[in-house]
Structure formats: structure tokens, C-alpha cells
Amino acid sequence: MREDPEKGLWLTANWHQVRDDWRADAPADGIPTACRSRRWRFMLASEAELGRARRVLLDGDEAFARVRGYLCDAAAICACYREHVGPPSKPLKSQIRDLQRALGRAEVPGVPDELARMLAEEKEEGADEGARKVKEDWGDVDEESW
């Protein structure tokens, strides 16, 4: 996905050409030299179409998904999750929060900055509220009641 100047979801395909004489010069256990050729670009969804999309699948796997109204790069989030936390088995929003904790920052690859900040703030507010609730619940108990 591109922010500017083009909006929407694009597929970019590059290919590498290997000439026969380059193959002959390659070592038996090596990779022959290749020349990268121009890319082909295809618009998969316009900005308007993408605004209505809830999920985008690529070969049956979730590539993009909407979290709280924001379109996130689910593939990038899952790859980062595997690297820093483990095999992803939670919903995408939970993966984002786990990654924020694991990375020690609000920004997570594939997550729009505004959504990342909002989820980080909600987590902080929830932690403060939980601590306050425990204090209130235990604060009214006197030692004789134990």
C-alpha cells in the first residue's frame, strides 16, 4: 500500500532474467547471475474500494485486516510477532498489544501510528484502572477480617 502519490492497494511484480551464458559461468553449487527487469504494477483496489474492505487475503492468508477502522498490514504484524513473541494464535488487536509490550514502544510494523497510539493509551488506562480497583477492593478489609 502506498500513502502518496498513489492511493489504494497495488501489486508490484519484478522478475529476474538469467541468460544461458550466465548459467554456464555459475559454479555448480551457486546461483547464476541475474538481471532484474522492470516491474509490472497492478491496482488491486482503489482507495474507495479499500475503504470498504474488512480483510484482504493473499493465497488464503490474511494480508491486510481492519482493526478499529484502520487497515493494518496483517502479514507484517504476524511476521514481527513470530520474531519477538512466538507463533501468532491471538486476534490481530491482541498481537499488536503484545508486540507493543515486547518492543517497549507504541509503534509496531504494519500498524498505522494513530491506531498504535490509541491502543497503547487504552492499555495504560486499563492498567491504571485495574490497579485502582485492586486497591479499592483490598483497601476496605481490616486485619481482623482476615
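**Figure 1. Confidence along the chain of the predicted model.** Mean pLDDT for the chain is 80, with 82% of its residues at 70 or more. Among the elements of the chain, the highest mean pLDDT, 94, belongs to helix 3 (residues 74-84). The lowest, 69, belongs to helix 5 (residues 113-139). Over residues 141-146 the pLDDT falls below 50. Beyond near neighbours in sequence, the stretch 141-146 has 2 contacts in the model.

**Figure 2. The open sheet built from strands 3, 4 and 5.** The 3 strands are arranged in the order 3-4-5, and their pairing is antiparallel. Strand 3 (55-58) and strand 5 (70-73) are the edge strands; each has a single partner strand, so one side of each is left without a neighbour in the sheet. From one strand to the next, the twist averages 20°. In general, strands of a sheet pair through backbone hydrogen bonds, in either a parallel or an antiparallel sense.

**Figure 3. Pairing of strand 4 with strand 5.** Strand 4 covers residues 61-67. Its antiparallel pairing with strand 5 runs over 4 bridges. Alanine 65 stands opposite cysteine 72, a residue of strand 5.

**Figure 4. Helix 4 and the residue that follows it.** Helix 4 spans residues 92-103 and has 12 residues. From its first C-alpha to its last, helix 4 reaches 16 Å, close to the 16 Å expected at 1.5 Å a residue. Its buried residues are Leu92, Gln95, Ile96, Arg97, Asp98, Leu99, Gln100 and Leu103. The buried set includes the charged-type names Arg97 and Asp98 as well as leucines such as Leu92, Leu99 and Leu103. An α-helix has 3.6 residues a turn, so residues three or four places apart point the same way. Glycine 104 comes after helix 4 and has a positive phi, near 75°.

**Figure 5. Surroundings of tryptophan 10 in strand 1.** Strand 1 consists of residues 9-17 and contains tryptophan 10. The relative accessibility of tryptophan 10 is 23%, so this residue counts as partly exposed; the cut-off for buried is under 20%. Leaving aside neighbours within four places in sequence, tryptophan 10 is in contact with Arg41, Phe42, Met43 and Leu44. Arginine 41 is 31 residues from tryptophan 10 in sequence, while the two C-alpha atoms are 6.7 Å apart in space. On the side chain of tryptophan 10, a polar atom lies 3.5 Å from the backbone oxygen of lysine 7.

Note on methods
Residues are numbered from 1 along each chain as its sequence is written. Side-chain values use heavy atoms; hydrogens and water are left out. Two strands pair if DSSP finds at least two bridges between them. Helices (H or I, at least four residues) and strands (E, at least two) are DSSP runs, numbered from the N terminus. Axes are lines fitted to C-alpha atoms, for helices over the stretch in contact, and angles run from 0 to 180 degrees between N-to-C directions. The expected span of a helix is 1.5 Å times one less than its number of residues. Buried means under 20% relative accessible area, exposed over 50%, partly exposed in between (1.4 Å probe, protein chains only). pLDDT is the predictor's confidence in each residue, from 0 to 100. Contact means heavy atoms within 4.5 Å. A polar contact is a pair of N or O atoms within 3.5 Å; within protein, one must be able to donate a hydrogen and the other to accept it, and residues adjacent in sequence count only if both atoms are side-chain atoms.
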